[in-house]
Amino acid sequence: MLERTLRVLEYPKILDKLENYTTSSLGKELVRELQPLTDPTKIKESLKVTSEAVTVLIQAERPPLGGIHDIRPQVKKASINGILAPAELLEVAATLRASRLMREFLLEKSEDLELLSEWGSRLGGFPKLERDFDRCIGSNGEILDSASAKLHSLRSQMKVLQSRVRDKLDSIIHSSDNSKYLQELIVTVRNDRYVIPVKQEYRSLFPGIVHDQSASGATLFLEPMSVVEINNQLRIVEAQETEEVTRILSELSGQVKEIGDTLLTSLHILARLDLAFAKGHYSIDINGVEPVLNFQAEIDLHNARHPLITGKVVPINVSLGKSFDTLVITGPNTGGKTVTLKTIGLLTLMAQSGLHIPASFGSEVAVFNTIFCDIGDEQSIEQSLSTFSSHLTQIVKIIEGAREPSCLVLLDELGAGTDPTEGAALAMSILTHLHQLRVRTVATTHYSELKAFAYQTPGIENASVEFDVQTLKPTYHLLTGIPGSSQAFEIAAKLGLSGPIIEQARNYISTTTIKVEEMLRQIEIDHIKAREDRLITNEARLKGEKFRTQHEVELEKFRQEKADLVRQAKIEAKEILFEARRESENLLRRLREGRHEELPAIVNEARQKITRDIERLEEKSNQEELELRIDPGLLKVGQQVRAISLNQVGRILEIDNGGAQVQLGIIKVNLPFTDLELVAEQKVQVKYKPRPGNETGLETAKNISAEISLRGMNVDEALYELEKYLDQAILAGLNRLRVIHGKGTGVLRQAVQQYLKENPVVKSVYIAEQNEGGMGATVVELKKG
C-alpha cells in the first residue's frame with residue numbers, strides 16, 4: 001500500500017492506539033510493522049484471529065501475556081557458546097514461563113477457539129529447564145546456593161573463614177591495649193581482604209601487610225599477620241566459588257542453546273498473540289465488528305464511524321461497486337464530505353490489516369490492491385506549487401496507477417483551485433476516465449455541473465451531506481441518490497445579510513440553475529420526511545418484535561415448566577426405585593444374618609410381598625390417562641385442563657358462559673370450551689421383573705470388585721453400566737468404591753459425578769488421589785443401611 005495513502009488516511013494514528021494495548025516490545029514491533037494485506041486468505045485468517053481474541057476478552061479472561069522479553073540476543077549469544085549473565089537468563093526464564101502459561105490458557109479454551117488454540121499447541125513447554133532456572137537463579141539475578149552441592153559447600157566454607165577472620169580482627173580492635181593505635185574500631189575490606197585502620201605512626205607495632213592508605217596518609221589499612229593465612233584460604237575458596245558459578249551459568253546457557261530454534265518459534269508466536277489480543281482490546285474499545293470481506297470490489301458499510309473522532313459521532317451508510325462504481329458527494333463546507341472519504345478509506349485499510357471496524361454487523365468491505373487518495377490542501381511553497389497544481393500533480397499519479405476495479409480512488413474537492421468552468425470540465429473528464437476503467441471512485445465537489453453529470457451518467461451516483469438551514473449546522477448524514485446544495489443564500493440570510501443583496505445575487509444566477517437548486521432542496525426535504533416516517537415505522541416494528549419476543553419468552557417458560565415437571569417425575573421415580581433397592585438390601589442383610597434353615601422361608605416371603613406390591617403398582621400405572629372432552633357443565637374451578645391449541649396444561653380459575661379463564665404457567669388465558677379438555681394426573685409406571693428360580697443375587701454380588709472402568713464408553717453406556725454396578729455394590733455391602741472414567745475432555749467425568757451426586761444411596765463423591773488415578777477417577781462412598 002502507498003505510504004502517502006497511509007499517511008493521508010491517518011493509518012499511523014490507528015497503529016499508535018493499537019500499540020498502547022500491547023504488553024511486550026515484540027508486540028509493539030509487530031504493530032509498527034503492520035501493513036494492509038492484499039491476500040484474501042491471509043486477511044480472513046487475520047480477522048478470525050482478532051474475533052477469537054475478542055471472544056476470550058469478552059469472557060472476562062485476561063490472557064497471561066506478562067513476562068515476554070525479546071530474548072533473541074540471548075539465543076544468538078548462546079548459539080555461539082557464549083555464557084549468559086544471570087540477568088539474561090532471568091529474561092529467558094520469564095519467557096519460558098509465559099510460553100507455558102499461554103499454552104495452557106489457550107488449550108483450555110480449545111472448544112471455543114480454532115486458530116488461537118492451534119497457535120497455543122505450537123508453543124513450547126520446558127518444565128525441566130524452568131525448574132533448573134528456579135533452582136539456580138534468584139529473583140534479583142543472584143546465583144542461589146541450591147544451584148549445586150559444590151556451590152553450597154564452597155559458600156559454607158567461605159562463611160566459616162569469613163567468621164574466623166572477623167573474630168580475630170574483632171579481638172584485635174577491641175583489645176584495650178590496641179585501641180589507641182587504631183584510627184577507628186572497625187573491620188573493613190581492601191583488595192578483597194579484611195583489614196583494620198592503623199595510625200601511620202604506630203605501623204611498626206602491628207606486623208602485617210599494608211593494602212591501602214587514606215588520602216592524607218595518616219591511616220594505613222593493614223592486614224595483621226595473624227589473619228593472612230586465613231585470608232589466603234578465603235581467597236582460594238572464593239576463586240573456586242567463582243569458577244563453580246561460571247560452570248553453572250555455562251551449563252544453563254548450553255541448555256538454552258539446545259532449545260534455541262524451538263524457543264525462537266515460541267517467541268514469534270507469543271509476539272503474534274500479543275498483537276492479536278491488542279487488536280481484540282482495540283475492537284472492544286471502538287465497538288468494532290468483523291467485516292464481511294467482498295472480493296468483487298464492492299463496499300457496503302452500515303452505521304460506519306470514523307475511529308479517530310471522539311465524542312458523539314454520526315454514523316454513515318455508504319455503498320459502492322454494486323449498482324454504481326463512482327460516487328459524487330456534494331454539500332456545504334464542514335458538512336462531513338472529507339470525513340466520509342477518510343472513513344471509507346481508513347475502514348478499508350483497517351479491515352485489510354485484520355482489524356475490526358466501527359460499523360454494524362453485516363458491513364461489507366472490499367479487498368483493494370491499491371488505494372489512491374488526494375485529500376487536503378498540500379500546497380508547496382518550496383516547490384512553487386499552487387493548490388490546483390498540487391492537486392493535479394497527485395491526480396496525474398493516480399491516473400497512471402489506477403487501471404482496474406481492484407483500485408480505490410478517493411478525491412477531495414476535485415477540480416478546485418482554478419476557474420470553476422474549466423475545473424468542472426476537467427473533473428468530469430477525470431471521473432469519466434476512471435469510470436470507463438471501472439475503478440471504484442469517491443469524489444467530493446461544490447460544482448453544480450458535476451451533479452448533473454452524475455445524474456445523467458449511468459454507473460455514477462450522486463450523494464450529499466445533509467444540512468439544517470434552521471440551525472445553520474450540518475447533520476452529517478450521508479444521503480445517497482440526492483445531490484446536495486451549498487445553501488449559500490440561506491446561510492447568508494440567517495447570518496444577517498440584507499434581503500436586497502441576496503435577491504440581487506439570485507438575479508445573477510440563471511433561471512435554470514435556480515430551478516435546479518429549488519428542486520434539489522425539495523428533494524432533500526422530501527428525503528428527510530421519508531427518513532422520519534421510516535424511523536416511526538421502524539419504531540412500530542421494533543415494538544411489535546418486542547411484543548413477539550415477550551410472547552415467545554412466555555411460551556418458552558411454559559415449555560420449561562413442562563420439562564421441569566417431567567424431570568421432577570423422573571426424580572420421584574428414581575427415588576421409588578432406590579427405596580426398593582434399600583428394602584432389598586435390608587432383605588439381604590436378613591438373609592446373611594439368618595440361620596441357614598430359615599433362608600428359604602425368608603426368600604419366599606419377600607418374593608411374594610414384592611410381587612404383590614409390584615402387581616398393585618402396575619395395575620395402577622397401567623390405567624389409561626383420562627383425556628375426555630367434558631361437557632361445560634361438568635367443569636369446576638381448580639380442575640386441571642389442557643389448552644388444545646397451545647398444548648399447555650393449566651388449572652381453571654373462572655368459568656363463564658363462553659369459556660373459562662385458565663392459569664397457564666405465569667399468565668392467565670381466556671379460552672373457549674371447545675379448546676379445553678380434561679386431563680388426569682400422570683402416574684409413574686414402575687416395572688419389575690422377578691428373578692428366575694430362587695436366585696437372590698448374592699452369588700453375583702459377593703464376587704464384585706471395588707472398582708468399575710467406564711473408559712471408552714459414551715455417556716449413556718457408562719451411566720447404564722454404572723447403575724447396574726451400584727445395584728451389585730449395594731447387594732455386596734460395599735461402603736467405598738472407585739469409578740474409573742479417564743480424563744479426556746471431562747464430559748464423561750462430569751456426567752458420572754452428576755449422576756452420583758443425585759443418587760440417594762450415595763453418601764459422598766470426590767476426585768481420587770493421585771495414586772488412585774487423580775482426575776481420571778472418582779471415589780464414591782455409599783450410605784450405610
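Residues 616-628 are a weak spot for confidence: pLDDT stays under 50 over this stretch, and the model, which is a predicted one, still gives these residues 18 contacts beyond four places in sequence. Taken over the protein, the mean pLDDT comes out at 81, with 81% of residues at 70 or more. Residues 379-384 also have pLDDT below 50, and this stretch has five contacts in the model once near neighbours in sequence are set aside.

Moving on to the strands, E16 (residues 640-643) and E17 (residues 648-655) run antiparallel and are joined by four bridges. One pairing to look at here is Arg-642, whose bridge partner in E17 is Val-649. E17 is also joined to E18 (residues 659-664), again through four bridges and again antiparallel. Across that pair, Ile-652 stands opposite Val-662 of E18. Just three residues sit between E17 and E18, and the two strands form a hairpin.

Then there is Val-314, which sits in the loop that runs between strand E6 (299-304) and strand E7 (316-320). Its relative accessibility is 27%, so Val-314 counts as partly exposed. With neighbours within four places in sequence left out, Val-314 touches Ala-304 along with Thr-475, Tyr-476 and His-477. As for Leu-478, this residue is 164 residues away from Val-314 along the chain, yet the C-alpha atoms of the two are separated by 9.6 Å.

Key
Residues are numbered from 1 along each chain as its sequence is written. This is a predicted model: local features need pLDDT of at least 70, side-chain atom pairs count only at pLDDT 80 or more; totals for chains, interfaces and linings use all residues. Side-chain values use heavy atoms; hydrogens and water are left out. Buried means under 20% relative accessible area, exposed over 50%, partly exposed in between (1.4 Å probe, protein chains only). Contact means heavy atoms within 4.5 Å. Two strands pair if DSSP finds at least two bridges between them. pLDDT is the predictor's confidence in each residue, from 0 to 100.
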